[in-house]
Amino acid sequence: MSLIFAFAIYFIIWWLTLFMVLPFGVRTQGEDGAIVPGTPESAPTQFALPRVLIITTMASLVIFAVAYAIIVYRIDVQLGLPLPVPERGPAPQ
């Protein structure tokens with residue numbers, strides 16, 4: 001796996017993980033009863049961006065490590081999906 005390919009895969013995993021982590025632990029203005037005029041009650045009261053970024057990075061590192069091991073070491077995960085088989089040259093005579 002090339003470095004650029006690994007970075008691209010990690011970036012995609014990180015981005016998808018970010019959207020999965022964003023709603024965790026969010027308290028809305030409607031839940032707190034402190035609605036700021038001009039905002040919807042579903043808007044968050046306090047958004048902890050550093051916490052979200054740290055959780056996203058840690059989770060995506062774990063997911064990437066599993067994906068890296070599957071790709072590099074050709075681990076068969078028994079999902080019924082065919083893995084690419086390396087082609088072999090003609091048999092020696």
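Which residues are exposed on the other side of α1, away from its buried residues? The structure examined here is a predicted model, in which local features need pLDDT of at least 70 and side-chain atom pairs count only at pLDDT 80 or more, whereas totals for chains, interfaces and linings use all residues. Residues are numbered from 1 along each chain as its sequence is written, and side-chain values use heavy atoms, with hydrogens and water left out.

Helices are DSSP runs (H or I, at least four residues) numbered from the N terminus. The 19 residues of α1 should span 27 Å at 1.5 Å a residue (the expected span being 1.5 Å times one less than the number of residues), and the end C-alpha atoms of α1 are 26 Å apart, which agrees. In this helix A6, Y10, I13, W14, T17, L18 and V21 are buried, where buried means under 20% relative accessible area, exposed over 50% and partly exposed in between, with a 1.4 Å probe and protein chains only. These buried residues cover an arc of only 145 degrees around the axis, which puts them on the same side of α1; the arc is that of the directions from the helix axis to the C-beta atoms. On the other side of α1, I4 and L16 are exposed.

What covers the buried residues of α1 includes α3. T56, which lies in helix α3, counts as buried because its relative accessibility is 0%, and, residues up to four places away in sequence not being counted, T56 touches W14, T17, L18 and V21 (contact means heavy atoms within 4.5 Å).

The largest nonpolar core (a set of buried Ala, Val, Leu, Ile, Met, Phe, Trp, Tyr and Cys residues joined through side-chain atoms within 4.5 Å) has eight residues, namely A6, Y10, I13, W14, L18, V21, V52 and F64. Both α1 (3-21) and α3 (49-72) supply at least two residues of this core, and α1 gives the most, with six residues.

Five aromatic pairs are found in the whole structure, rings of Phe, Tyr and Trp (its six-membered ring) being paired if their centres lie within 6.5 Å, with planes under 30 degrees apart counted as stacked, over 60 as edge-to-face and the rest as tilted. The rings of Y10 and F64 have centres 5.7 Å apart and planes at 85 degrees, so this pair is edge-to-face; the pair links Y10 in helix α1 with F64 in helix α3, 54 residues apart.
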